[in-house]
Amino acid sequence: MYSEKVMDHFMHPRNVGEIENASGQGTVGNAKCGDIMQMFLKIDDNVITDVKFKTFGCGAAIATSSMATELVIGKTISEALKLTNAAVAEALDGLPPVKMHCSLLAEQALKTALEDYFNKNNIPLPEGFSKPNVDEDEDEE
Ligand code: FES
């Protein structure tokens, strides 16, 4: 049911933990499954130099948050803003349809942490900034 990459990131998640005095952080949850994801960003000169996460949730939520951190480390903010849950799922060689909402949680956590960074630094939200609404996805479960 799960790809090898999903299993690998679930069994050996990358970048687990917290960043003290993070440049931005976000906590999101899905009300239906009760899973919670926290993401911490360190940003220097517009580049994401470190990312850590903590996920209290299902295996797919752990794997997608782990993969999301790997995909954005070293990227600029504008590159990171383009990361979609579909790209995270693709990087994991796919997710079962009922588990796609878990990848939405990863995209939402990343964008919430970026939003926190913008707010803390009085940077206006970039044009077109939007976060996925994980609750919108509930009916698909
Ligand atoms: S079951 Fe809810 S995030 Fe995976």
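**Sheet, helices and core in a predicted model**

Q: What is the strand order of the open sheet of three strands?
A: This is a predicted model. Its open sheet has three strands, and the pairing is antiparallel. The order is β1-β2-β3.

Q: Why is one side of β1 and of β3 left without a neighbour in the sheet?
A: Strands of a sheet pair through backbone hydrogen bonds, either parallel or antiparallel. β1 (24-29) and β3 each have a single partner strand, so one side of each has no neighbour in the sheet. The reason is that both stand at the edges.

Q: What is the average twist from one strand to the next?
A: The strands in question follow the order β1-β2-β3. From one strand to the next, the twist averages 15 degrees.

Q: How many bridges join β2 to β3?
A: β2 and β3 run antiparallel. Two pairs place the register: Gln38 is bridged to Lys54 in β3, and Ile36 has Phe56 as its partner in β3. The number of bridges joining β2 to β3 is nine.

Q: Which residue in the turn between β2 and β3 has a positive phi?
A: β2 and β3 form a hairpin with two residues between them. The phi in question is about 50 degrees. The residue is Asp45.

Q: Which residue in β2 is the bridge partner of Gly24?
A: β1 and β2 run antiparallel and are joined by six bridges. Their hairpin has six residues between the strands, and Gly34 there takes a positive phi near 85 degrees. The β2 partner of Gly24 is Leu41.

Q: What angle does α5 make with β1?
A: Helices pack on two parts of the sheet. α2 touches β2 and β3, with its direction at about 175 degrees to that of β3. α5 lies across β1 and β2. The angle between α5 and β1 is about 140 degrees.

Q: Which element gives the most residues to the largest nonpolar core?
A: The largest nonpolar core holds 33 residues, and those touching the most other members are Met37, Met39, Leu41, Leu105, Ala109, Leu110 and Ala113. Elements giving two or more residues are β2 (36-44), β3 (47-56), α2 (59-72), α4 (85-91) and α5 (100-120). With nine residues, the one that gives the most is α5.

Q: Which residues does Leu110 touch, leaving aside those up to four places away in sequence?
A: In soluble globular proteins, nonpolar side chains tend to be buried together. Leu110 is among the core residues that touch the most other members. Beyond four places in sequence, its contacts are Met39, Ala68, Val72, Ala80 and Leu83.

Conventions
Residues are numbered from 1 along each chain as its sequence is written. This is a predicted model: local features need pLDDT of at least 70, side-chain atom pairs count only at pLDDT 80 or more; totals for chains, interfaces and linings use all residues. A nonpolar core is a set of buried Ala, Val, Leu, Ile, Met, Phe, Trp, Tyr and Cys residues joined through C-beta atoms within 7 Å. A residue is buried if 20 or more other C-beta atoms lie within 10 Å of its own, exposed if 12 or fewer, and partly exposed in between; C-beta atoms are placed from the backbone. Helices (H or I, at least four residues) and strands (E, at least two) are DSSP runs, numbered from the N terminus. Two residues are in contact if their C-beta atoms, placed from the backbone, lie within 7 Å. Two strands pair if DSSP finds at least two bridges between them. Axes are lines fitted to C-alpha atoms, for helices over the stretch in contact, and angles run from 0 to 180 degrees between N-to-C directions.
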